[in-house]
Amino acid sequence: MSTKTPSLSLTERRKAATQLDIARAAAELFTEHGPDGTTAEDIAQRAGVALRTFYRYFRSKQDAVAPLLAVGADRWRESLAAEGPGATVPEALERSIAEALAGADEAAAEGLRRTRGLLRSAAADPALRAVWYRVNQESEEKLRAVVAGLAGPDADPLAVRLAAAAATDAIRVALEAWAETDAPVRGKGAPAELAVRCLRELMGGMRPLT
C-alpha cells in the first residue's frame, strides 16, 4: 500500500504557504490577546493579506489555525511511512513519536511552544477546541493507511484502526497535559516523554496487528 504524499503543483504550494502564514498570524494573536480579543481583520493584517483572502481559505478566525496544528502531524506521518522493514508497528510508532516531539532544533521547539499557547487559548474557547479535535480526527483517519502499510496485508483491520487511534490520542493527550504545565520542551515532563508514556499505556493491552 502506497502512503507517499502526491507532489503539489506550484499553485497548490503557494496556496498552502499563504494558509500557513495566516495560521501563524492567528496563533500569534490568539496567544497575545486570546481568541475573544482577536478579529479576522487583525489576523489578515498581521499576515499581510486582504480580508477577502482570509475568508477565501477559512470560515472563521478559529479555523485559521488548523494548518498550523496539522503540519506537525503531516510531517510525522511522512516520517513514519518511511520506516524501513524489520520494526514492529508499536516500535515504529514509539520511535517516530519520540522523534517528532523531541523539539530537536529551535524551529521544532518553537512549534511546540506555539501549540502550547493555542491549547491554553482553547481551554476557554469551544470553537478553537473543536478545531483541535477536528485536526486530530483527520490525522487519525490518514494515519490508518500508514499503519496498514507498515503492518502488511495480513494485518487485522480493527487492530490497525486501534493502533492509529492510540497513537493519535497519545500525542493529543500528551500535548494537552503538557500545555497545562510549565514543563520544558525537552526532558522530564516534555511532550516526547509524555507521549511515549501514553502510547505504552494505550497499546499495552493490544494484540499484535498480524
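Author: A residue counts as buried under 20% relative accessible area, as exposed over 50%, and as partly exposed in between (1.4 Å probe, protein chains only). The model discussed here is predicted, so local features need pLDDT of at least 70 and side-chain atom pairs count only at pLDDT 80 or more, while totals for chains, interfaces and linings use all residues. Residues are numbered from 1 along each chain as its sequence is written, and side-chain values use heavy atoms, with hydrogens and water left out.

Reader: Why is T168 called buried?

Author: The relative accessibility of T168 is 4%, which falls under the limit for burial, so T168 counts as buried. T168 belongs to helix 8 (residues 157-179), where a helix is a DSSP run of H or I with at least four residues, numbered from the N terminus.

Reader: What does T168 touch?

Author: Leaving out residues up to four places away in sequence, T168 is in contact (heavy atoms within 4.5 Å) with N136, E140 and L143. N136 sits in helix 7 (residues 126-151). From its own side, N136 touches T168 and R172, with residues up to four places away again not counted.

Reader: How do you know whether N136 is buried or exposed?

Author: N136 has a relative accessible area of 10%, so the verdict is buried. The C-alpha atom of N136 is 9.6 Å from that of A165, a residue 29 places away along the chain.

Reader: What makes A40 a buried residue?

Author: A relative accessibility of 7% puts A40 in that class, so A40 counts as buried. A40 lies in helix 2 (residues 40-47). Not counting residues up to four places away in sequence, A40 touches L51, F54, Y55 and K61. By contrast with those contacts, the C-alpha atoms of A40 and L209 are 45 Å apart, with their positions 169 residues apart in sequence.

Reader: F54 and Y55 appear in that list. Why is their ring pair called edge-to-face?

Author: Rings of Phe, Tyr and Trp (its six-membered ring) pair if their centres lie within 6.5 Å; planes under 30 degrees apart are stacked, over 60 edge-to-face, and the rest tilted. For F54 and Y55 the centres are 5.1 Å apart and the planes meet at 85°, so the pair is edge-to-face.

Reader: And what makes the pair of F54 and F58 tilted?

Author: Their ring centres are 5.8 Å apart, and their planes stand at 50°, which belongs to neither of the other two classes, so this pair is tilted. The whole structure holds three aromatic pairs, and F54, Y55, Y57 and F58 make up one aromatic cluster.

Reader: Which members of the cluster are buried, and how do you know?

Author: F54 and F58 are both buried. F54 has 0% relative accessibility and therefore counts as buried. Y55, at 46%, is partly exposed. Y57 is part of helix 3 (residues 51-57). Apart from neighbours within four places in sequence, Y57 is in contact with K15, T18, Q19 and I22.

Reader: Why are helix 4 and helix 5 called oblique?

Author: Axes are lines fitted to C-alpha atoms, for helices over the stretch in contact, with angles from 0 to 180 degrees between N-to-C directions. Angles under 35 degrees are roughly parallel, over 145 roughly antiparallel, 65 to 115 roughly perpendicular, and the rest oblique. The axes of helix 4 (residues 66-81) and helix 5 (residues 89-100) come within 10 Å and cross at roughly 140°. Helix 4 and helix 5 are therefore oblique to each other.

Reader: Which residues meet there?

Author: W76, S79 and L80 of helix 4 meet A92, L93, S96, I97, E99 and A100 of helix 5. By class they are six nonpolar, two polar and one charged. (Ala, Val, Leu, Ile, Met, Phe, Trp, Tyr, Cys and Pro are nonpolar, Asp, Glu, Lys and Arg charged, and the others, Gly among them, polar.)

Reader: What makes helix 6 and helix 8 roughly perpendicular?

Author: Their axes come within 9 Å and cross at roughly 80°. The two helices are therefore roughly perpendicular to each other. L112, R113, T115, R116, L119 and R120 of helix 6 make the contact with L175, E176, W178 and A179 of helix 8. These divide into five nonpolar, one polar and four charged residues.

Reader: How do you know which term fits helix 1 and helix 6?

Author: The axes of helix 1 (residues 10-33) and helix 6 (residues 106-122) come within 9 Å and cross at roughly 55°. That makes helix 1 oblique to helix 6. A27, F30 and T31 of helix 1 touch R114, G117, L118 and S121 of helix 6.
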